[in-house]
Amino acid sequence: MSKIMELKGQVVSEIAEKLEKSSSTVIVDYRGLTVEEVTELRKKFREADVEYKVYKNTLVRRAAKQVGINDLNDETLVGPNAIAFGYEDPVAPARVISDFMKDHPKLELKMGIVEGEFYGKEQIEEFAKIPSREVLIAKLLGSLKAPVSNFAYLIDALIKKQEGQEA
């Protein structure tokens with residue numbers, strides 16, 4: 001009996017560590033998905049550097065309590081749940097789930113924790129709409145480049161115009 005308790009304690013520690021390390025954690029109800037669909041979802045998570053696991057709710061509740069996340073309790077964490085842990089990009093788990101839900105409506109987004117704050121389904125769906133870090137950087141660089149490029153084109157046009165007047 002103590003061996004089982006020891007194993008459960010290790011799993012609780014593992015979950016607690018993941019909750020602390022992750023920049024975002026998203027919880028979904030995966031009921032109704034086929035094995036092939038879950039495999040496809042896991043593949044998409046791996047491509048986005050997101051860890052996807054299924055744990056017993058009681059163990060998740062204990063781990064959440066250990067790290068001070070009191071919102072994962074008996075009322076919110078019910079039914080079969082899977083957890084997506086995002087370590088680098090805080091919106092990656094929500095984005096992958098949101099994209100996957102378009103073709104697989106049986107997957108249900110339940111809640112999430114982003115940067116230590118608990119959010120409901122609606123707020124996590126809003127996070128999913130935020131572009132990736134790379135896209136945001138590209139847009140910023142494009143915005144910074146545009147005025148400089150326009151100024152260079154203007155100077156070039158003035159030089160060509162002046163050369164045309166001198167000839």
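In this predicted model, L19 is in contact with T25, A63, A64, V67, I69 and F85, when its neighbours within four places in sequence are left aside. The residue belongs to helix α1. With a relative accessibility of 9%, L19 falls under the 20% limit and therefore counts as buried. A separation of 9.6 Å is found between the C-alpha atoms of L19 and G86, although these positions lie 67 residues apart along the chain when counted from one to the other.

The helix that carries L19, α1, covers residues 2–21. Its 20 residues reach 28 Å from the first C-alpha to the last, close to the 28 Å expected at 1.5 Å a residue. Besides L19, the buried residues of α1 include V12, I15, A16 and K18. Viewed down the helix axis, the buried residues of α1 fall within an arc of 160°, and they therefore line one face of the helix. This buried set packs against strands β1 (24–29), β2 (50–53) and β3 (82–86), and also against helix α3 (57–66). The face of α1 turned away from the buried side carries S2, K3, E20 and K21, which are exposed.

Helix α2 (35–47) shows a comparable analysis of span and burial. For its 13 residues, a span of 18 Å should result at 1.5 Å a residue, and the end C-alpha atoms are indeed 18 Å apart, so the two values agree. V38, L41 and F45 are the buried residues of α2. Seen down the axis of α2, these buried residues fall within an arc of 60° and so line one face of the helix. They pack against β2, β3 and α4. On the other side of α2, the exposed residues are E36, R46 and E47.

Helix α2 is followed by D49, which has a positive phi, near 60°. D49 is not a glycine, and it is placed in the loop between α2 and β2. In general, most residues other than glycine have a negative phi. The relative accessibility of D49 is 57%, above the 50% limit, and D49 therefore counts as exposed. A second residue other than glycine with a positive phi is E115, for which the value is near 50°. E115 is located in the loop between β4 and β5. Its relative accessibility of 57% means that E115, too, counts as exposed.

A loop position with low accessibility is provided by N81, which is found between α3 and β3. At 4% relative accessibility, N81 counts as buried. Residues up to four places away in sequence not being counted, N81 touches I27, V28, Y30, V54, Y55, N57 and K110. The C-alpha atoms of N81 and E108 are separated by 9.6 Å, and the two residues are 27 residues apart along the chain.

The packing of two further helices was examined. Helix α4 (residues 92–103) and helix α5 (residues 121–128) pack at an angle of about 95°, and their axes are 8 Å apart. Because this angle lies in the range from 65 to 115 degrees, α4 is roughly perpendicular to α5. In the contact, A94, R95 and S98 of α4 meet I124, F127 and A128 of α5. By class, the contact of α4 with α5 consists of four nonpolar residues, one polar residue and one charged residue.

The residues I124, F127 and A128 of α5 are also buried. Down the axis of α5, the buried residues fall within an arc of 105°, so that they line one face of the helix. The elements covering the buried residues of α5 include α4 together with the strands β1, β4 (108–114) and β5 (117–120).

Conventions
Residues numbered from 1 in each chain as written. Predicted model: local features only at pLDDT ≥ 70, side-chain atom pairs only at ≥ 80, totals over all residues. Heavy atoms only, no water. Axes fitted to C-alpha atoms, helices over the stretch in contact; angles between N-to-C directions. Helix = DSSP H or I, 4+ residues; strand = E, 2+ residues; numbered from the N terminus. Parallel < 35°, antiparallel > 145°, perpendicular 65-115°, else oblique. Contact = heavy atoms within 4.5 Å. Nonpolar A, V, L, I, M, F, W, Y, C, P; charged D, E, K, R; others polar. Expected span 1.5 Å × (residues − 1). Buried < 20%, exposed > 50% of the residue type's maximum accessible area, 1.4 Å probe, protein only. Arc of directions from axis to C-beta.
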